[in-house]
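Colleague: I am new to this structure and would like a close look at a single part of it. Could you take me through one buried charged residue and its surroundings, and then place that part beside the rest of the model?

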Amino acid sequence: MYLEKMDPTYKPALDKVIDFVLKSQYPTGGWPQRYPLRYDFNKQGFPDYTSYYTFNDDVIWENIHFLIQCYEVLGEGRFLDPIQRGMNFYRISQDPSGGWGQQLNMEMRATSARTYEPAALLPGATFANAMLLIRFYQYTGDKEFLTGVPRAIEWLEKTQLPKKQAEGSRTHPTFIDVETQKPIYVHRKGSNVKYGRYYVDNNDKNLLAHYGGKTRIDIQRLKDEYEKVKAIPASEVTKESPLIPQKFQYQGTPQKYYNLNRGRSSKEVDTTAISEIINALDEQSRWLSKRAYISNPYIGDGQLTDQTDKYASTRVGDETDTSPYLNESDQEYISTGEYIRNMSLLINYLKKQKL
């Protein structure tokens, strides 16, 4: 809102947010999952993970990205040091094996978080972090950011599932044991949250439905990106960087020119697709969807103590479990996700028409 209107009314609130993000950054450059720091969120014998360095859900990257936005909009040099430390954290946090965990303790060791997230290295986190290292090279021209990418590629190749264990497009286990470098899988016993439990072993059957035990990693895409940027001189690779001071020679303002979205490319939309989106609106201008995720209404804590495997691979346990699950009926819903997807496509289409 401040960018669009340049209205000082919004500045005090913006300053509070900025100060919070800067204050919560560790000296090493990473961020905790939550702030102010607390150490009392223990569950089922697992230590409190909320103060750990957290890649999960893009905590660190989103904070870096936010500070880059602040630098672009406000032009204040004070943002450059925390941005640089944040980017450097990806380099110093890479495991000697080449992988990354999705949360690290203060000794930079992969550690557990939620009870179905064991201490492990993750191919998914490793792919995402290696791609960000490539982006950081494009932002800075510093080839040191590229040094960890070949190690990540090598690790991802080593941790691929054997063909007999790969399922469909899934190429890797979700979790790799830090010590053995072998796949580990999370399972569930019980009917409800009160008496159920998660456990880890090497069996790749009966995996969790809500948190996949296997994932797809496009190693070739990472290789291609690495080879492409490696061949570009630093003087050219940074030409679109929002961090390198240079004369602005485009229309509009730098704040509106640079793509400060999360990094996902805008999807091209043709006229036919736009017509389909518009025609899908009902008489009340709503997009209605079927097969939505719903949950059981809360009726109290679970009573069944049996450590059954009945719900090992379902999204929901007994009637006391309020976990979301897919409604297979023809019931129609207003979906926030569907609304956002359709509106994003319409807005993107309108932007293209103005070019």
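Modeller: What follows goes from one arginine to its sheet, and then to the nonpolar cores. Please keep in mind throughout that this is a predicted model.

The residue to look at is Arg188, which is found in strand S5. Arg188 is buried yet has no salt bridge, and the nearest side chain of opposite charge, that of Asp321, is 5.0 Å away, whereas a salt bridge is counted only within 4 Å. What the side chain of Arg188 does reach is backbone oxygen: that of Tyr311 is at 2.7 Å, and that of Thr314 lies 2.4 Å from a polar atom of the same side chain. Leaving out residues up to four places away in sequence, Arg188 touches Arg197, Tyr198 and Tyr199, then Leu208 and His210, and further along the chain Asp309, Tyr311, Ala312, Thr314 and Arg315.

The strand that holds Arg188 belongs to an open sheet of 3 strands, in the order S4-S5-S6 and with antiparallel pairing. Strand S4 (175-176) and strand S6 (197-201) stand at the edges with a single partner strand each, so one side of each has no neighbour in the sheet. Strand S5, residues 183-189, pairs with S6 in the antiparallel sense over 5 bridges, and His187 stands opposite Tyr199 in S6.

Turning to the nonpolar cores, the largest has 51 residues, of which Ile64, Ile83, Tyr90, Phe136 and Leu222 touch the most other members. The elements that give two or more residues to this core are helix H2 (11-24), helix H3 (59-74), helix H4 (80-92), H5, H6 and helix H7 (219-230), and H3 gives the most, with 10 residues. A second, separate core of 9 residues includes Ala125, Phe175, Ile184 and Leu208; the last of these, Leu208, is also among the residues that Arg188 touches. In soluble globular proteins, nonpolar side chains tend to be buried together.

Two further residues may help you to read the helical region. Phe136, leaving aside its neighbours within four places in sequence, is in contact with Trp61, Ile64, Met87, Tyr90, Gly141 and Phe145. Leu146 lies in the loop between helix H5 (123-140) and helix H6 (148-158), and although it is in a loop, Leu146 is buried, with a relative accessible area of 4%. With residues up to four places away in sequence not counted, Leu146 touches Leu133, Ile134 and Tyr137, as well as Tyr226, Val229 and Lys230.

Notes. Residues are numbered from 1 along each chain as its sequence is written. This is a predicted model: local features need pLDDT of at least 70, side-chain atom pairs count only at pLDDT 80 or more; totals for chains, interfaces and linings use all residues. Side-chain values use heavy atoms; hydrogens and water are left out. Helices (H or I, at least four residues) and strands (E, at least two) are DSSP runs, numbered from the N terminus. Buried means under 20% relative accessible area, exposed over 50%, partly exposed in between (1.4 Å probe, protein chains only). Contact means heavy atoms within 4.5 Å. Two strands pair if DSSP finds at least two bridges between them. A nonpolar core is a set of buried Ala, Val, Leu, Ile, Met, Phe, Trp, Tyr and Cys residues joined through side-chain atoms within 4.5 Å. Lys and Arg count as positive and Asp and Glu as negative; His and the chain ends are not counted. A polar contact is a pair of N or O atoms within 3.5 Å; within protein, one must be able to donate a hydrogen and the other to accept it, and residues adjacent in sequence count only if both atoms are side-chain atoms.
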